[in-house]
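Hello,

Here is the structure I promised to pass on. Have a look at it first, and then read on for what turned up.

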Amino acid sequence: MTHYNSTGDSSTFRLHQQPEDIPSRSQPTTLDPLTATLTVLSGGSPNYHLPVELLTFILILLFPDTGDRSKNDMAEIYRLRLVSKLWKELIEGAPTLWTDVSLAYPPDVVRDCLRWSKNQPLQISITDTWSYPMEALIEFLQLLQPQSHRWKTLSYHTSGRPNLDRVRIRHFLESPAPMLQSLHLRPDELGGDPRVNFAGGVAKELKHFSLAYASLSECSDLLHGLETLILDGVDTGPAEELLSIFVRSPALRRFEFWNLEEDQSSATTSVISSLDLVANSLEEVVIQVSDPRFITLILSQVSMPNCKSLELSADFSELGDDFPGRILDDALAQFIPRIREALSLGGVARFFINFGSFPEHGENSLEIEGFQFSFTWSGITTESLSEWIRELLVMLDFPLELEIILSTPDRLAVEALGEWNQFNVRNLWIRLAGHELDLMENAISVLDFLGDVLVDQDGGLSWNFPNLQELNLYSTQFIQFDLSRLFNMLNKRYLPDAYVKDMGELGITIQTPPRIDLRQWKGIGV
């Protein structure tokens, strides 16, 4: 339990814990240069054979300078100061232990951080909640603002609360911060005129920028020279404004765009000519939107020759027949040659299809060496999805190994599985979750589907998913599979050798499926 004492020395935090109870951490960091050259033995402490520089290094490993240090971690640092006078001097003399500053800290702790961090860059976290006193927020801003020349990371997230001192907060966010490298903003209560001049317009070292629920035009001055950009619920304005990001930040390595609002930006309806943009440094792209036209807008206009990871999500329910071919074909056109080349070098590609609780919801992913692609959808029929995957296989000209996951399988999804027999399905997951009694019947219908006998044009016999080699049954403590139905499926699918021989003598060929690896998983009920 943590106690705060505001009297006398601002040792502030006291915990009823022993030093050996401190949780271990293993994140690497840099040894504090101010203590790296010390070789004095700490004779006044229990560890009197431990060099001071090594003890300092251990403390820095325990409390790395990550920018998200919790209030409990700060309490541990204060408690360790009480071990001995030497430990107190050592901890107060290690600036990197004091560079994380959070609104969650008491004011005396913030003052200690500013004093004992000396001239080291600061990492500041401001998460304003409805229950947090406005007076405490203003005091925190007043303590940090004179140190803006030391700001390295600033995370400012507010809840749009009423009675906010907008003038004072605007003044704080406009403080000149020439050392600022990472900025995370959700200033949803500061919209409108006059426009906020974030970081005083001098954040020339800014490399990582995250903006939520604001207008992109309000932060246009910060979009230069970035390596990471995350836009969440941002009003992008015209298409040219969004695409210009890749011109102003040619070194951009990660780009995330989230727009799940019903009221979509006019960017999706803008008609622009091909800009022929090239983002050579871009390696990771995440686009999760309600309107899938954002996907086409970005991926068809910006070439990403070195992209290694592509994650897409969209709702196609309002677009009718536009899905999936036209939109996804345009979006993935630039990646098809690279995928085909990787496959031609002997790579193995696996395509995962995860059907959600309803047939028109799900996700799929493609993994090959050097490139990962995932796509989450809603509002898509299994027929349309099947058609698109068939076209994708034709373009790739390579037999993919498909893995299908049925989460709380619906009967309609099971019936639609017949359309997937044309694909090389190697792995099938049947995953049950929930408490509804009819889920067992749904699962059993999948097993019946695998046991159904098919007759080809020549009168030969085969089974659904003839290349299936692995069947995973995942159940919970509330819902279990009926093993008798499972063995019944196996008996139908794998006929005795004598029976196969007799059928062959009658001119009926039987395509016996390969040996199947059957696995049953049990988990905690969801």
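A word on terms before the tour: a residue counts as buried when its relative accessible area is under 20%, as exposed when it is over 50%, and as partly exposed in between (1.4 Å probe, protein chains only). Of the 526 residues of the protein, 48% are buried on that scale.

Please keep in mind that this is a predicted model, in which local features need a pLDDT of at least 70 and side-chain atom pairs count only at pLDDT 80 or more, while totals for chains, interfaces and linings use all residues. Residues are numbered from 1 along each chain as its sequence is written, and side-chain values use heavy atoms, with hydrogens and water left out.

**The whole protein**

The protein has 16 helices and 22 strands; these are DSSP runs, numbered from the N terminus, with at least four residues for a helix (H or I) and at least two for a strand (E). Its accessible surface is about 25,100 Å², and 52% of that belongs to carbon and sulfur atoms. These areas come from the Shrake-Rupley method with a 1.4 Å probe, and for residues only the protein chains shown count as cover. As for contacts (heavy atoms within 4.5 Å), 69% of those with a separation of 6 or more are between residues 24 or more positions apart.

**Salt bridges**

Side chains of opposite charge can pair when their charged atoms come close. The rule used here asks for a side-chain nitrogen of Lys or Arg within 4 Å of a carboxyl oxygen of Asp or Glu, and it gives twelve salt bridges.

One of them joins Lys88 to Glu92, with the closest N and O atoms 2.9 Å apart. Both residues belong to helix H3 (residues 85-92), where they sit four residues apart, about one turn of the helix. Lys88 is partly exposed at 28% relative accessibility, whereas Glu92 is buried at 15%. Arg81 comes into the picture too, since a network of salt bridges links Arg81, Lys88 and Glu92.

Another salt bridge pairs Glu139 with Arg111, at 3.2 Å between the closest N and O atoms. Glu139 is in helix H5 (residues 134-144) and Arg111 is in helix H4, so this pair ties together parts that are 28 residues apart in sequence. Both ends are partly exposed: Glu139 has a relative accessibility of 28%, and Arg111 has 35%.

A further one brings together the side chains of Arg293 and Asp291, at 2.7 Å from N to O. Here Arg293 is partly exposed at 36%, while Asp291 is buried at 7%.

**Aromatic rings**

A pair of aromatic rings is described by the distance of the centres and the angle of the planes. Rings of Phe, Tyr and Trp (its six-membered ring) pair if their centres lie within 6.5 Å; planes under 30 degrees apart are stacked, those over 60 are edge-to-face and the rest are tilted. The count comes to seven aromatic pairs.

Among them is the edge-to-face pair of Tyr78 and Trp98, 5.5 Å centre to centre with 85° between the planes. Tyr78 lies in helix H2 (residues 71-80) and Trp98 in the loop between H3 and strand E3 (100-102), so the pair ties together parts 20 residues apart in sequence. Tyr78 is buried at 0% relative accessibility, and Trp98 is buried at 0% as well.

Phe246 and Phe255 form an edge-to-face pair too, with 5.1 Å between centres and 65° between planes. Phe246 and Phe255 are both buried, and they belong to one aromatic cluster with Phe257 and Phe294.

**Two backbone details and a threonine**

Which residues other than glycine have a positive phi? Lys118 is one of them, at about 55°, and Tyr213 is another, near 50°. Lys118 sits in the loop between helix H4 (107-116) and strand E4 (122-127) and is partly exposed at 41%. Tyr213 is in the loop between strand E7 (208-212) and strand E8 (228-232), and is partly exposed at 35%.

Finally, Thr296 is in helix H9 (residues 293-301) and is buried at 17%. Leaving aside its neighbours within four places in sequence, Thr296 is in contact with Gln301, Ile327 and Asp330.

Enjoy exploring it!
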